[in-house]
Amino acid sequence: MGSAARAEAVAPQTTSRPLRVWQQAALSQYEEQSPKDFLVTATPGAGKTTFALTLAARLLSRREVARVVVVAPTDHLRLQWAEAADAMGIVLDPNLTNAVGPVRAGTQGYVTTYAQVAGKPMLHAARATAVKSLVILDEVHHAGDGLSWGEAVEEAYGMAARRLCLTGTPFRTKPDERIPFVRYEEDTFEGEAGGLVSRADYTYGYKEALADNVVRPVVFAAYTGTSRWRNSAGEVVAASLSEAGTKSVEMQAWRTALDPKGQWVPHVIAAMDDRITHLREEGGMPDAAGLILASDQDDARAYAKIVRRVTGKAPELILSDDPKASKKIERFATGSARIAVCVRMISEGVDVPRAAVLAWMTSYRTPLFFAQAVGRVVRSRASHESATVFLPAVRPLLSLAASMEEQRNHVMPPPKSQPDEELEALDLPPREPREGEMKQWEALEADARFAHVLHSGTAHTGEGSGAVALAPEDDDFLGIPGLLTPAQTAELLARRDDELRLRIAQSHRVDDSDFMLVEDHPEEDDAGRSWRDAAELRREINRLVSRVSAKTSTPHAVVHTQLRQYVPGPPSASASVDVLRARRERLRTML
């Protein structure tokens, strides 16, 4: 059966979900122009996927194209796109690899990644030109992340019949990294002519989406504190996050604050947990959840332990090298766990509508990453919902927060005679000292204090400035937007700050030297699990105990006793699945 016949056999169905005003307007503009290339810039959470698939369904039904190819940034987004397409009657294969030549029969296309396209651009070019194809380049700015990716995308899809480019936040990159299939025009840059700026065919920004109730309003809660660290000369340096002088000192203070051994992280996690509790109990979001963004996997694991210690609940730990990462994201998105800790797995494109709180515990600070990460908590489901972002009170982040409503294009400045050191060093992890080389920085301690609330670009501290006192009935922690003024919201956060400090001090009395991170997500309690899971875990534990006993010449009973000391709880016969899994992991470390 030919491709055209297959397209007719599995004809797409128009989605029953009503389109938003901006989606209808963008579709009308596209159909009036019928262009080869079309760039849509829409704020994260606005509904770019629905727009793109609706357009694809129309083009397929009119036989203007016979195949749809979606290029996404990550493997997880391949599944997300395929599921969204399936709901609209479009069959896209999310598992097609570079080792397979033709597109599988019975599908109308496939979803791939930019990395796969860069691996075999000519293979993807053959697929896109075998029949008339619509190529959807999701978050197309990734084609400007490096010359090899951009060149591969251009080589693969330069001859495609139609190309639809989607992005949430066009941004500035290096002068020689032009995004393929994006129209650029001459523009001024820092008062000088010669730069280029991208021009979208349709733009729908955060400000417009906020007015249409498509996204949630965001409250930025900034936390300062004093950081102490030891520099390369062995001197102890102390600086406030919000008052650090030079950029170098500011960055060292920031890094010290994010150190898991300090007090800044647990304090902010406690504030985040309070916010989630309020949203669940009084804010009309019974499934509200939060995301913690870490700089690397070691910090993510440490933060997960802090979450467990401070809140009493284990978070979902989502790491890129975990083969179950996609399943964990899906479980978190549809479940009821309170907090997920990740590095960059949920920073872009991943849809978790119930996530309404974000804790910024990473050193990443580019406009692109900031907008995409904040975009994970702004997707609106009801008009009363709001989002809260907890962040360090440092100038780079406060500047990005204050400019959330600004429209952004992809700007390519004129080449400089000298390299832009600040841009080159942006978001790069600190270099590890070579053997024999003295450390450039060593974190000692950091505390945390509420600094201010940032609302519509204005900071409110909650102290002085004529702030209106709150009546007892108004004492609503971060109430629904509109019920409390920004000054009152700041006053409430400041008041809660002292309570959180006492809570953190109590949590540190727990000895976690042998702490095992046991998942205890409410949606996965024993009542909702198959008894076969527990039975299989018990059998596996018994096998592992036998191996440990043989390796260490220790009787089985002694190994079982040691195991219950490491992971407290009832005997295996009556232990929960979470405890059994933790014991299994402990046994694996003993082999």
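**Buried, paired, packed: reading the terms**

Trainee: Why is Glu-139 called buried?

Mentor: Glu-139 has a relative accessible area of 3%. The cut-off for buried is under 20%, so Glu-139 is buried. Bear in mind that this is a predicted model.

Trainee: Where is Glu-139, and what is its phi?

Mentor: Glu-139 sits in the loop between β4 and α7 (147-157). Its phi is near 50°, a positive value in a residue other than glycine.

Trainee: What makes Ser-34 partly exposed?

Mentor: Ser-34 has a relative accessible area of 38%. Buried requires under 20% and exposed requires over 50%, with partly exposed in between, so Ser-34 is partly exposed. Ser-34 belongs to the loop between α2 and β1, and has a positive phi of about 45° although it is not a glycine.

Trainee: How do you know whether Thr-107 is buried or exposed?

Mentor: The relative accessible area of Thr-107 is 13%. Buried means under 20%, so Thr-107 is buried. Thr-107 lies in the loop between α4 (75-87) and β3 (109-113).

Trainee: What makes the approach of the Thr-107 side chain to the backbone oxygen of Arg-104 a polar contact?

Mentor: The distance is 2.7 Å. A polar contact needs a pair of N or O atoms within 3.5 Å, one able to donate a hydrogen and the other to accept it. The pair formed by Thr-107 and Arg-104 therefore counts as a polar contact.

Trainee: Why is helix α13 (residues 367-374) described as largely enclosed by the rest of the structure?

Mentor: Seven of its eight residues are buried, so the description follows. Those in α13 are Leu-368, Phe-369, Phe-370, Ala-371, Gln-372, Ala-373 and Val-374. They pack against strands β9 (218-224), β12 (289-294), β15 (355-361) and β16 (387-392), and against α14 (395-402). At the start of α13, a side-chain oxygen of Thr-366 comes within 3.2 Å of the backbone nitrogen of Phe-369.

Trainee: Which residues touch the most other members of the largest nonpolar core?

Mentor: That core has 119 residues, and those touching the most other members are Leu-164, Phe-220, Trp-264, Ile-292, Trp-360, Met-361 and Phe-370. Helix α10 (residues 264-281) gives the most to this core, with nine residues. Another core, of 23 residues, lies apart from it and includes Val-69, Ala-156, Tyr-184 and Leu-196.

Trainee: What does Leu-164 contact, leaving aside its neighbours within four places in sequence?

Mentor: Among its contacts are Phe-38, Val-40, Leu-134 and Ile-136. They are called contacts because heavy atoms lie within 4.5 Å.

Trainee: How do you know that β1 (residues 37-42) and β5 (residues 162-167) pair?

Mentor: Five bridges join them, in the parallel sense. Pairing asks for at least two bridges, so β1 and β5 pair. Leu-39 stands opposite Cys-165 in β5.

Trainee: In the open sheet with the order β3-β2-β4-β5-β1-β8, what makes β3 and β8 (202-204) edge strands?

Mentor: Each has a single partner strand, so one side of each is left without a neighbour in the sheet. The sheet has six strands with parallel pairing, and neighbouring strands are turned by 15° against each other on average, direction ignored.

Trainee: Which helix lies across β1, β5 and β8?

Mentor: Helix α2 (residues 21-33) does, running at about 165° to β1. Helix α4 lies across β2 (67-72), β3, β4 (133-137) and β5, at about 155° to β3.

Terms used:
Residues numbered from 1 in each chain as written. Predicted model: local features only at pLDDT ≥ 70, side-chain atom pairs only at ≥ 80, totals over all residues. Heavy atoms only, no water. Buried < 20%, exposed > 50% of the residue type's maximum accessible area, 1.4 Å probe, protein only. Helix = DSSP H or I, 4+ residues; strand = E, 2+ residues; numbered from the N terminus. Core = buried A, V, L, I, M, F, W, Y, C linked by side-chain atoms within 4.5 Å. Axes fitted to C-alpha atoms, helices over the stretch in contact; angles between N-to-C directions.
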